[in-house]
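User: I'd like to learn how to read a structure, one feature at a time. Please give me the general idea first and then the case.

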Amino acid sequence: MKSVALITEYNPFHNGHVYHAELSKNITNSDVSVAVMSGSFTMRGEPAILNKFQRAKMAVQYVDLVVELPLIYAISSGELFAQGGVDIAEQFKCNYLSFGSESGNINDIKETISQIEDIKNDIRHKEMIKEGKSHPRIISELIQDSKLLSGSNNLLAIEYVRHIINNDLNIEPVTIQRKDNLFLDSSLNQRSHISSATSIRNAYFSNDEQYKLSLPEFSSNLLSSHKGVNWDDFFPLLKWTILRSSTEELQEIYMMTEGLEYKLKKEIQDSQTFDEFVSRIKSKRYTWTRIQRLLTATLLNIKNIDVNSYKPQAIRVLAMSEQGRKYIKEIQESCPLPIITNVNKKSASYFEHEIKATSLYQYVSGESETDFNQHVYIKK
């Protein structure tokens, strides 16, 4: 069977995701669609609005398989997030990778990648690295006329394709232009009801029930019947974690650089809300999202050594259709990693970080699902 992979967060699964899932399968003429989805914490450094089990149920109404993107990749910035997602898709024998972009033009994306590779050999690049500037910032400063370097989805698209090209992977990239709302648009699109996940979450937490119009019925019903969470719910636990940790312990946390551990210890004392705390730490050098990722790693005690030594040991399937079940049966023997549908004592060692994150998420959210009591969800 021909298959197409989608690297996703589905936070929550909305009408734009329906459009992307259905069109991806159609334009690639694929028999199976595989969503590689973040677990209960996301790339923006936020707890997902609902846990991974509920979001997988939403997604499998429109895709054939939902597999979990390992936590280390899910909470990292674009390069590592893309690397992890693409590698899982390739190991799962997917023929295509389909992703949204503001550009919608795969050739333009490849041309921009060529420019980026050229810049790496530029003396200015080396000098700016020494100045402490991040790689994305250097690229944006040195390629000022590229429209592809604006837009969150374009930047991720570049990382997806670059990883495929640089590693000579046997997977063909396909891009679909984002429709209507952009990724970070904060207000609902009242005209087409294809809204960004950001705007849907904003409306949900503001008790604006218009968000329901931007969701398929199954997603809307599921979100209505569960309590969504955000950083406000996790802030007391984060505050306790920072207060009880020594600066030496905080130094070991993933993305903790340039003495940020001292800043965290200082500013947490008088911060009463999560937003106030991030505002005290944010600077020109450290964006809001960068700080959120750091705080997610702090909350989950993810250390630099965890990231540097990490290699996936297995692939976790969260949900599947009957077509997805047939696909797993077809590729199981040739997949380089074990494909796990139900976590037990024997397989738990494969998913140490994911189990820890799920347990903490469920403790705060009050939901009862864990990695051990939730078997793979099968859409009938």
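Analyst: Let's start with the naming: helices (H or I, at least four residues) and strands (E, at least two) are DSSP runs, numbered from the N terminus. This is a predicted model, in which local features need pLDDT of at least 70 and side-chain atom pairs pLDDT 80 or more, while totals for chains, interfaces and linings use all residues. Residues are numbered from 1 along each chain as its sequence is written, and side-chain values use heavy atoms, without hydrogens or water.

User: Let's try a loop residue. Where does Glu-102 lie?

Analyst: Glu-102 is in the loop that runs from strand E4 (96-101) to helix H5 (106-119).

User: And is Glu-102 buried or exposed?

Analyst: Buried means under 20% relative accessible area, exposed over 50%, and partly exposed in between (1.4 Å probe, protein chains only). Glu-102 comes out at 19%, so it's buried.

User: What does the side chain of Glu-102 reach?

Analyst: Look for polar contacts (N or O pairs within 3.5 Å; within protein, one atom must be able to donate a hydrogen and the other to accept it, and residues adjacent in sequence count only if both atoms are side-chain atoms). The Glu-102 side chain reaches the backbone nitrogen of Asn-154 at 2.7 Å. A polar atom of that side chain of Glu-102 also lies 3.3 Å from the backbone nitrogen of Asn-153.

User: Now helices. Which residues of helix H17 are buried?

Analyst: A bit of background helps: an α-helix has 3.6 residues a turn, so residues three or four places apart point the same way. In H17 (residues 322-331), the buried ones are Gly-324, Tyr-327, Ile-328 and Ile-331. They span an arc (taken from the directions from the helix axis to the C-beta atoms) of only 100 degrees, which puts them on the same side of H17.

User: What do the buried residues of H17 pack against?

Analyst: Contact means heavy atoms within 4.5 Å. On that basis, the partners of H17's buried residues are strands E1 (3-8), E2 (32-38), E3 (65-69), E6 (315-320) and E7 (339-340). Have a look at the start of H17 too: a side-chain oxygen of Ser-321 comes within 3.3 Å of the backbone nitrogen of Gln-323.

User: Which residues are buried in helix H10?

Analyst: In H10 (residues 217-224) you'll find Ser-219, Ser-220, Leu-222 and Leu-223 buried. Their arc around the axis is only 165 degrees, which again puts them on the same side of H10. Their cover includes helix H2 (52-59) and helix H9.

User: On to the backbone. What joins Asn-11 and Pro-12?

Analyst: A cis peptide bond, with omega at about 0 degrees. Pro-12 sits in the loop between E1 and helix H1 (15-27).

User: Which residues have a positive phi?

Analyst: Met-255 is one of them, with phi near 75 degrees in a residue other than glycine. You'll find Met-255 in the loop between helix H12 (247-251) and helix H13 (260-268), and its 11% relative accessibility means that it counts as buried. Asn-301, not a glycine either, has phi near 55 degrees. Asn-301 belongs to the loop between helix H15 (288-300) and helix H16 (304-308); at 38% relative accessibility, it counts as partly exposed.

User: What about empty space?

Analyst: On a 1 Å grid over the protein atoms alone, a cavity is a set of points where a 1.4 Å probe fits but cannot get out, and a pocket is an open set with protein on both sides within 12 Å along at least five of seven lines; lining residues have an atom within 4 Å of a point. The second largest pocket has 15 lining residues, with Glu-46, Asn-202, Asn-230, Trp-231 and Gln-292 nearest its centre. Elements giving two or more residues to that lining are H9 (197-205), H11 (231-244), H14 (274-281) and H15, and H9 gives the most, with four.

User: Which residues line the largest cavity?

Analyst: Glu-68, Pro-70, Ile-88, Tyr-310, Ala-314, Ile-315, Arg-316, Tyr-350, Phe-351 and Glu-354. Ala-314 deserves a second look: this residue is in the loop between H16 and E6 and counts as buried at 5% relative accessibility.

User: Which residues is Ala-314 in contact with?

Analyst: Setting aside neighbours within four places in sequence, Ala-314 contacts Leu-337, Pro-338, Ile-340, Tyr-350 and Phe-351. Ala-314 and Ile-72 are 242 residues apart in sequence and 14 Å apart in space, C-alpha to C-alpha.
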